[in-house]
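Let's take a friendly walk through a protein chain together. Have a look at the model below, and then we will follow one strand and its surroundings.

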Amino acid sequence: MKKITNAILALSLASLSLAGCNSAETKTEDTSAAETTTAADTSAAAEADTKAETEAETAAEASEEDKVIKVGATSTPHGEVLEFVKDTLAEQGYDLQITIYDDYVLPNKAVADGELDANYFQHRPYLDSFNAANGTDIVSAALIHYEPFGLYGNGVASVSEVPEGANIVIPADDSNETRALLLLWQEGLIDLPEGSNAADGVTTLDITDDHGYNITAVQADTVAAQFANSDSGSLAVINGNYALAAGLDINSAIAVEDASGDAAQTYANIIAVRNGDENSAKIQALINALKTDDVRKFIEEKYNGAVVALF
């Protein structure tokens, strides 16, 4: 009987021992699972925080970029007008960065390539010609001002005094060549086919009678320099901005484009941007800063008729 009792006791102790082991194993497994879950949650939270920080940084950078307005321009008058509105834009939180160019090609390429947000130096006919020749898609966002083309004479006081066989230099690019020839036609110095106009364009090849004058088309930014070194009796048709840069006064020109015609609208200088950007907040801020009474007064006082505001 004693042996049976001892056997039962041994079995009971063994059972308790096994139950204890199973309980410890279960507790260890539960603890391990809890630790794994906590680690996963922590990792996910860290990834979420990192993503949020990255998105916030990207948004901040984009916001800063939206406050920078990069504009290309020729120095006179465009760069000077832009400098005048720089503080106005700064008060609105915009950083106007102006790049000055001395030609008409690079500022359009820079806009097309995204290096600039806009440029300010050209009129619509020139832009249309550039787009057609280069496959670009740059558009006008606003008309700002008009620069009357002037015919200047070296030692010549009036059109009636132009000597026989005089040399006349004009700009060679499509739209400005048209503009120069139309001015010479306006003054009776050459004949063009009836109906010649800015939209269709003309070149020296379209002249039906040059009245004995030697008309030479050269790169627009060299006309003023060639005129300055020309012989007495020579003439030149010069873009308004290049005339200003050369120190020429539009009031000393022997002939000026007829402002009562459609020249002011056709040859208005524009803010040009990539297609689709014209209504962006920063481009609209730039346009609004330019189209003010203060800017109109600045233009009138500084350029004395060589630049005419169109707003």
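**A strand and its partners**

In this predicted model, strand β5 (residues 150–153) is joined to β8 by four bridges, and the two run antiparallel. One place to see this pairing is Tyr152, which stands opposite Ala236 in β8.

Strand β8 also pairs with β6 (residues 167–171), this time through two bridges and in a parallel direction. Here Val169 has Ala236 as its bridge partner in β8, while Ile168 is partnered with Leu235. Strands of a sheet pair through backbone hydrogen bonds, and they can do so in either a parallel or an antiparallel way.

Which way do the residues of β8 point? From this strand (residues 235–238), Leu235 and Val237 point one way, and Ala236 and Ile238 point the other way. All four are buried. In a regular strand, side chains alternate between the two faces of the sheet.

Now step back to the whole sheet. It is an open sheet of five strands in the order β7-β6-β8-β5-β9, and its pairing is mixed. The edges are held by β7 (214–218) and β9 (255–256), each with a single partner strand, so one side of each has no neighbour in the sheet. Helix α5 (residues 174–186) packs on this sheet and touches β5, β6, β7, β8 and β9. The direction of α5 makes about 140° with that of β6.

Finally, consider the full chain. It has ten helices and eleven strands, and buried residues make up 39% of its 311 residues.

Definitions and conventions:
Residues are numbered from 1 along each chain as its sequence is written. This is a predicted model: local features need pLDDT of at least 70, side-chain atom pairs count only at pLDDT 80 or more; totals for chains, interfaces and linings use all residues. Side-chain values use heavy atoms; hydrogens and water are left out. Buried means under 20% relative accessible area, exposed over 50%, partly exposed in between (1.4 Å probe, protein chains only). Two strands pair if DSSP finds at least two bridges between them. Contact means heavy atoms within 4.5 Å. Axes are lines fitted to C-alpha atoms, for helices over the stretch in contact, and angles run from 0 to 180 degrees between N-to-C directions.
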